[in-house]
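The following report describes the structure shown below, beginning with a single residue and its surroundings before turning to the chain as a whole.

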Amino acid sequence: MTEHEGPVSQEPAEEVRLQKVLARVGFGSRRKCDDLIAAGRVTVNGEVAVLGRRVDPESALVAVDGAPIGVRPGLVYYLLNKPAGVVTTADDPQGRPIVVDLVPDEPRVFPVGRLDADTEGLLLLTNDGELAHRLTHPSYGVEKEYVAEVDGEPSRAALRSLREGVELDDGMTAEARASLMDPSVVKLTIHEGRNRQVRRMCEAVGHPVVRLVRTRVGPIADRSLAPGSFRELTVEELRSLEQAVADKPGR
Ligand code: URA
């Protein structure tokens, strides 16, 4: 063979047991996934799979009952309703409760952005680094909606300031949406992600936050997810998230 004939062999693709691929994307324990395969409900590239089948998770088209299992097998996307008192990190040297303890250990995921320990509400966790990067990068301006119970009753002028921008020690905040849900409850939608931003904004207009809950991240909301519980994003939710961060200028 001459140099021009190229490599003799290609790196073999990393193949993974099919039941493991299914378990990773939320079809239950590996035993349950084996049951699905044994029942003939799983196809790989259009063919009914048999027990013990291995696949390349990057390229195989896996479907259960005819429905593709996800855009990219091997990647997982969880929506967690974070309770107060849990720290948004993958590892806490001080041993405090951390968000990754509330979702499965395998595959390892990390939180997308951050909620303060005292803040409750929706937090995404994933092992998809590219999507996580886009969701947190300021140039994509993904909206986050918060419900803040505050001290006192914000006036129309205070709400206007929250909308138009308030001066914080790291600069003016961008335009936001702000409305009252109750005399002391503000719904605030921002598209920046500065440290303790909502708390600092409310404080700056004279109404310190008493309780803060995140109720939406981009297109993702879920009023029925109990505090401390998580679920997988649906394929539709994942598509809508990907759309929210597709082709934005200034990356
Ligand atoms: N703004 C805050 O002040 N805290 C959070 O956790 C999120 C946004």
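## Surroundings of Asn 81

Leaving aside residues up to four places away in sequence, Asn 81 is in contact with Gly 121, Leu 122, Leu 225, Ala 226, Pro 227, Gly 228 and Ser 229. The model is a predicted one. Asn 81 belongs to strand β7, which covers residues 77-82. Its relative accessible area is 12%, and a residue counts as buried under 20%; Asn 81 is therefore classed as buried.

## The chain as a whole

The protein chain contains six helices and 16 strands. Its C-alpha trace spans about 75 × 45 × 40 Å along the principal axes. Of the 251 residues in the protein chain, 42% are buried. The accessible surface of the chain amounts to about 14,000 Å², and carbon and sulfur atoms contribute 48% of that area.

Among contacts with a separation of 6 or more in the protein chain, 62% are between residues 24 or more positions apart.

## Domain arrangement

The domain assignment divides the protein chain into domain 1 (16-69), domain 2 (77-138 + 220-244) and domain 3 (143-217). Domain 2 is thus given as two segments, 77-138 and 220-244. The centres of domain 1 and domain 3, taken over C-alpha atoms, are separated by 45 Å.

## Charges and salt bridges

The protein chain carries 33 positive and 40 negative charges, and the mean positions of the two sets are 4 Å apart. Side chains of opposite charge can pair when their charged atoms come close. In this model the count of salt bridges comes to 16.

One of these pairs joins Arg 211 to Glu 120, with 2.8 Å between the closest N and O atoms. This pair links distant parts of the chain, since Arg 211 lies in strand β15 (residues 209-217) and Glu 120 in strand β9 (residues 120-126), 91 residues apart. The partners also fall into separate accessibility classes: Arg 211 is partly exposed at 41% relative accessibility, whereas Glu 120 is buried at 16%.

A salt bridge between the side chains of Asp 222 and Arg 231 has an N to O distance of 2.8 Å. Here Asp 222 is buried, with 17% relative accessibility, while Arg 231 is partly exposed at 22%. Another salt bridge brings together the side chains of Asp 116 and Arg 114, at 3.6 Å from N to O. Asp 116 has a relative accessible area of 8% and is therefore buried. In addition, a network of salt bridges links Asp 169, Asp 170, Glu 192, Arg 194 and Arg 200.

## Surroundings of Thr 189

Thr 189 is located in strand β14, made up of residues 185-190. At 6% relative accessibility, Thr 189 counts as buried. When residues up to four places away in sequence are not counted, Thr 189 touches Glu 143, Lys 144, Glu 145, Ala 176, Arg 177 and Arg 216.

## Backbone features in loops

Which two residues does a cis peptide bond join? The bond lies between Glu 106 and Pro 107, and omega is about -10°. Pro 107 is placed in the loop between β7 and β8, the latter being residues 110-111.

Asn 45 is not a glycine, yet has a positive phi of about 50°. Asn 45 sits in the loop that runs between β2 (42-44) and β3 (47-48). Arg 196 is another residue other than glycine with a positive phi, in this case near 50°. The loop holding Arg 196 lies between β14 and α5 (197-204). With a relative accessible area of 39%, Arg 196 is partly exposed.

Definitions and conventions:
Residues are numbered from 1 along each chain as its sequence is written. This is a predicted model: local features need pLDDT of at least 70, side-chain atom pairs count only at pLDDT 80 or more; totals for chains, interfaces and linings use all residues. Side-chain values use heavy atoms; hydrogens and water are left out. Helices (H or I, at least four residues) and strands (E, at least two) are DSSP runs, numbered from the N terminus. Buried means under 20% relative accessible area, exposed over 50%, partly exposed in between (1.4 Å probe, protein chains only). Contact means heavy atoms within 4.5 Å. Accessible areas come from the Shrake-Rupley method with a 1.4 Å probe; for residues, only the protein chains shown count as cover. Lys and Arg count as positive and Asp and Glu as negative; His and the chain ends are not counted. The place of a charge is taken as NZ of Lys, CZ of Arg, CG of Asp or CD of Glu. A salt bridge is a side-chain nitrogen of Lys or Arg within 4 Å of a carboxyl oxygen of Asp or Glu. Domain bounds come from an automatic or database domain assignment.
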